[in-house]
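This briefing walks through a set of features computed from a single protein model. Please keep the sequence and the coordinates at hand while reading.

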Amino acid sequence: MKHSEKTVAYFHGIPGGPGEWAANAPAHLVDAAAMPDRNQPSFDAAGFAAGLPQGAVLIGFSLGAQAALQVAAAAGSRVGAVHLVRHPPRRCTEW
């Protein structure tokens, strides 16, 4: 499937890569996600955004949040939701 047919786009953190989605996503969503490798110099947020379907859900993990926000800004109203995920702090006192 092309990413224009995917309802979810997952942007990985560092270290990490597109494969972490398959290892951590709910089983029913594994095949629903586009997983661009935002570490590649060829990654183009506006170009990726142009291929998103209406109502796409963007998930940015850690440093992938920046890429998710860039894509969301370029895609505008085609984005249904943006979820930004942060790794947990080392100690609860860091909240």
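Which residue in strand 3 does Ala9 stand opposite? In this predicted model, the residue opposite Ala9 is Leu58 in strand 3. The points below set that pair within the sheet, and then turn to a charged residue in helix 1.

**The sheet and the helix packed on it**

- Four strands make up an open sheet in the order 2-1-3-4, and their pairing is parallel.
- Strand 2 and strand 4 (79–85) are the edge strands, each of which pairs on one side only.
- Helix 3 (residues 64–75) packs on this sheet, where it touches strand 1, strand 3 and strand 4, and its direction makes about 155° with that of strand 3.

**Strand 1 and its partners**

- Strand 1 (residues 8–11) is covered on both faces, with Val8 and Tyr10 buried on one side and Ala9 and Phe11 buried on the other.
- With strand 2 (residues 33–34), strand 1 pairs in the parallel sense over two bridges, and in this pairing Val8 stands opposite Ala33.
- With strand 3 (residues 56–61), strand 1 also runs parallel, the two being joined by four bridges, and Tyr10 has Ile59 as its bridge partner there.

**Glu20 in helix 1**

- Glu20, which lies in helix 1 (residues 20–24), is buried yet has no salt bridge, and the nearest side chain of opposite charge, that of Arg38, is 8.0 Å away.
- Apart from neighbours within four places in sequence, Glu20 is in contact with Tyr10, His12, Gly13, Pro15 and Phe61; of these, Tyr10 is itself one of the buried residues of strand 1.

Note on methods:
Residues are numbered from 1 along each chain as its sequence is written. This is a predicted model: local features need pLDDT of at least 70, side-chain atom pairs count only at pLDDT 80 or more; totals for chains, interfaces and linings use all residues. Side-chain values use heavy atoms; hydrogens and water are left out. Buried means under 20% relative accessible area, exposed over 50%, partly exposed in between (1.4 Å probe, protein chains only). Two strands pair if DSSP finds at least two bridges between them. Lys and Arg count as positive and Asp and Glu as negative; His and the chain ends are not counted. A salt bridge is a side-chain nitrogen of Lys or Arg within 4 Å of a carboxyl oxygen of Asp or Glu. Contact means heavy atoms within 4.5 Å. Axes are lines fitted to C-alpha atoms, for helices over the stretch in contact, and angles run from 0 to 180 degrees between N-to-C directions.
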